[in-house]
There are 2 protein chains.
Amino acid sequence: MPELFAVHTPPEAWRLFSARFQPTVRAETISTYQALGRVLAEDLYAPHDLPTFPRSTVDGYAVAAADTYGASPSLPAYLEVVGEVGMGQAADLRLAEGQAALVHTGGMIPPDADAVVMVEHTQQVDPSTIEVYRPVAVGQNVIQVGEDIRQGELVLPAGHRLRPQDIGGLVALGIVRVPVAVRPRVAILSQGDEVVPPEQFPGPGQVRDINSYTLAALAQEAGALPITYPIVPDRLEALQEAAGRALAEADVLVMSAGSSVSARDMTAQVVEGLGRPGILVHGLSIKPGKPTIIALCDGKPVFGLPGNPVSAMVIFRLFVTPTIYRLLGTTPPDRPRVRARMARNVASTTGREDYVQVRLEERRGELWAVPVLGKSNLIYTLVRSQGTVKIDLDSNGVAEGEWVTVEL
Amino acid sequence: MPELFAVHTPPEAWRLFSARFQPTVRAETISTYQALGRVLAEDLYAPHDLPTFPRSTVDGYAVAAADTYGASPSLPAYLEVVGEVGMGQAADLRLAEGQAALVHTGGMIPPDADAVVMVEHTQQVDPSTIEVYRPVAVGQNVIQVGEDIRQGELVLPAGHRLRPQDIGGLVALGIVRVPVAVRPRVAILSQGDEVVPPEQFPGPGQVRDINSYTLAALAQEAGALPITYPIVPDRLEALQEAAGRALAEADVLVMSAGSSVSARDMTAQVVEGLGRPGILVHGLSIKPGKPTIIALCDGKPVFGLPGNPVSAMVIFRLFVTPTIYRLLGTTPPDRPRVRARMARNVASTTGREDYVQVRLEERRGELWAVPVLGKSNLIYTLVRSQGTVKIDLDSNGVAEGEWVTVEL
């Protein structure tokens, strides 16, 4: 098997690829109500102040603060109550010196008032008079116009992934439609004479297609629209035809090669024919996932992943997911991580990244990462695992009891 | 304002509610291909062994391991190559002593072979003869029948939230339809004479509806189907009618009260009329979120949240999200957390849980949690924050420089 390309480390491979892949983000405008998890395509600015009027933060009486100065339980201030501001009503009543208006939490403050006395610090003397037992400062218990956000202020930047509170911040400003990044279309092509659809019972020598579905799920998680295709047999013309069509329909093409050497060689040949510059990386110093192809074909990223389902998922997370984020104009979201102690020695090789699947176990109050055994990266090693431990390029392994970071 | 109920701590409130709310999980059967993120409603067992035949993990020659014992570069074993097992083909050729068959990665092992020699450890002498330089042990480079998972073994338990690799594990076994928990329907009712739809420019005293959209987004994140309704004015009959209809259509009712005291009292009155036993908790020792109502009305959970958007979100995450998980028969997923040092003193009160919104800043290689300022829980304190620090019931605050856990 001829090695046409030098094996690269994963960081080298990403640098080589990402230096050449700098896409512009495509935008579409959608309802803010449907935008949870989508990525903003433009910086958004506040069209007006929020709130638009001064609001009370308590139930009480809107007053001029000066009218309460020196008030105490033994020497209360007496104020005349001249009205009530209804919820959702303009506070258009005027207050003279020594006058107050009943307001509710969230209600508008009349123009002559500059503070609110909490109802708990007052007592009603007669229908139109209250005693105030504590002084209030100017602005106390009031939210000023623009205190939440000011007109023209940056609401959220391009590249931001919308959370529930962001939806709230947008609708509070009347921004009911938002420009978001179009979900990239990721074509996923499973290949192999031995591969049959999951609905079919595999005959001797045959296996069900796993990669179409695990990789589609990973693409969906990353914010892309996966497109799957019928399984392609290991014939050059069939693969050329299917790959060319899939790439035309999508922004990214992911091929999971058949598992034989000849099938992998065929994938490389097909990728080279898809466009310029073609293959940038062929072979990674990583376990699992060595026989990976990373290419750029007429501006579109093309990945040739190993046929092994575990390798295919590891490589997808390392290279295709960040590619999707780049097309969305965003950065990776935070993923949950925990610190744990490795439950047994795990050997690696300097110059190679290893990804070890682990279960988590609590032992005497400490968290331990137990490697999930199973040779050759069986899919159930992933199903049984709760997280992944990365063993760095420059490490030759992790000793039992050593602290590691587990990405869940 | 009469206090009919004692204020409860959040853990007490959850115990009171959850002891009485033990729903059975409703199941539906859907395509496994569409099941990412859904929660399994039943334990699933493997319908057959995986793999269904012994497979090679390398490209090489299927052999009887005994034929290679003692082989070395200086004294290779000579084997006769009697055929090739094609990918996706039954390995029906028979091997006599001293015979081998060419196999590819993932290919089937012939019945007389019990190991595979990697092609790198062989050399072709003539078209039908190879030299083997290293011995192999029985089972080496072979995945045995059932080594990934055995027939009858538990695949995944009820309550498990399906990840990409789980989809892969299921389709590998031909499980293309799965029983999952029905998404609970969560009715969300915003109330308040001052509240207008986001499309409308708020007049003096009016504010746009935020809670319908933030709470719907939180419900969606938790795995529920949110249902929103037109804003209800602060009139008893209107609220009774709207709440009764919404509860009939949903599994959970979430009301966000108007922000005035009278509106909150009205919510309590309406909830009491919705069914038995009615209100379980009225008032929480928590900041923000004190005026919370937790009720069970003829078997359905009803929550009266504060009108303030930040309080409403905090209380939703603490009580409604776990209620949704209970209806789904699952446990909370891991959320990303980081450790950081608090950037300023934050006071609290013993006997009260405080939730403080923070930004994260890196200073001299350390992560610091900077509280987002802003009185009265403005929505933009949440928009500007990256996470939440919980100050426990028994703490009276966090000092500057103290290490805290930030939930992102």
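The paragraphs below go through a predicted model of two chains, from their symmetry to a sheet, the cores and one residue. Local features need pLDDT of at least 70 and side-chain atom pairs count only at pLDDT 80 or more, while totals for chains, interfaces and linings use all residues. Residues are numbered from 1 along each chain as its sequence is written, and chains are lettered from A in the order in which they are written.

A turn of 180° and a shift of 0.0 Å along the axis lay chain B on chain A with an RMSD of 0.1 Å; the superposition is by least squares on the C-alpha atoms of residues with pLDDT of at least 70 in both copies. The two copies are thus related as by a two-fold rotation axis. In chain B, the C-alpha nearest the axis belongs to B:P336, 1.8 Å from it.

Chain A and chain B each give 70 residues to the contact, where two residues are in contact if their C-beta atoms, placed from the backbone, lie within 7 Å. On the side of chain B that touches chain A, helix 2 of chain B gives the most, with 8 residues. Helices (H or I, at least four residues) and strands (E, at least two) are DSSP runs, numbered from the N terminus. Because 100% of the interface residues of chain B are also interface residues in chain A, the copies meet through the same surface.

Within chain A, an open sheet of 6 strands has the order 16-13-17-21-20-18, with mixed pairing; two strands pair if DSSP finds at least two bridges between them. Its edge strands are strand 16 (225-228) and strand 18 (277-282) of chain A. Strand 18 of chain A runs antiparallel to strand 20 (residues 293-297) of chain A, joined to it by 5 bridges. Opposite A:I293 in strand 20 of chain A stands A:H282.

The largest nonpolar core has 212 residues, and A:V254 is among those with the most contacts inside it. Such a core is a set of buried Ala, Val, Leu, Ile, Met, Phe, Trp, Tyr and Cys residues joined through C-beta atoms within 7 Å. Leaving aside neighbours within four places in sequence, A:V254 is in contact with residues including A:V186, A:L215 and A:F316.

B:V404 lies in strand 28 (residues 403-407) of chain B. B:V404 is partly exposed, with 18 other C-beta atoms within 10 Å; buried takes 20 or more, exposed 12 or fewer, and partly exposed is in between, with C-beta atoms placed from the backbone.
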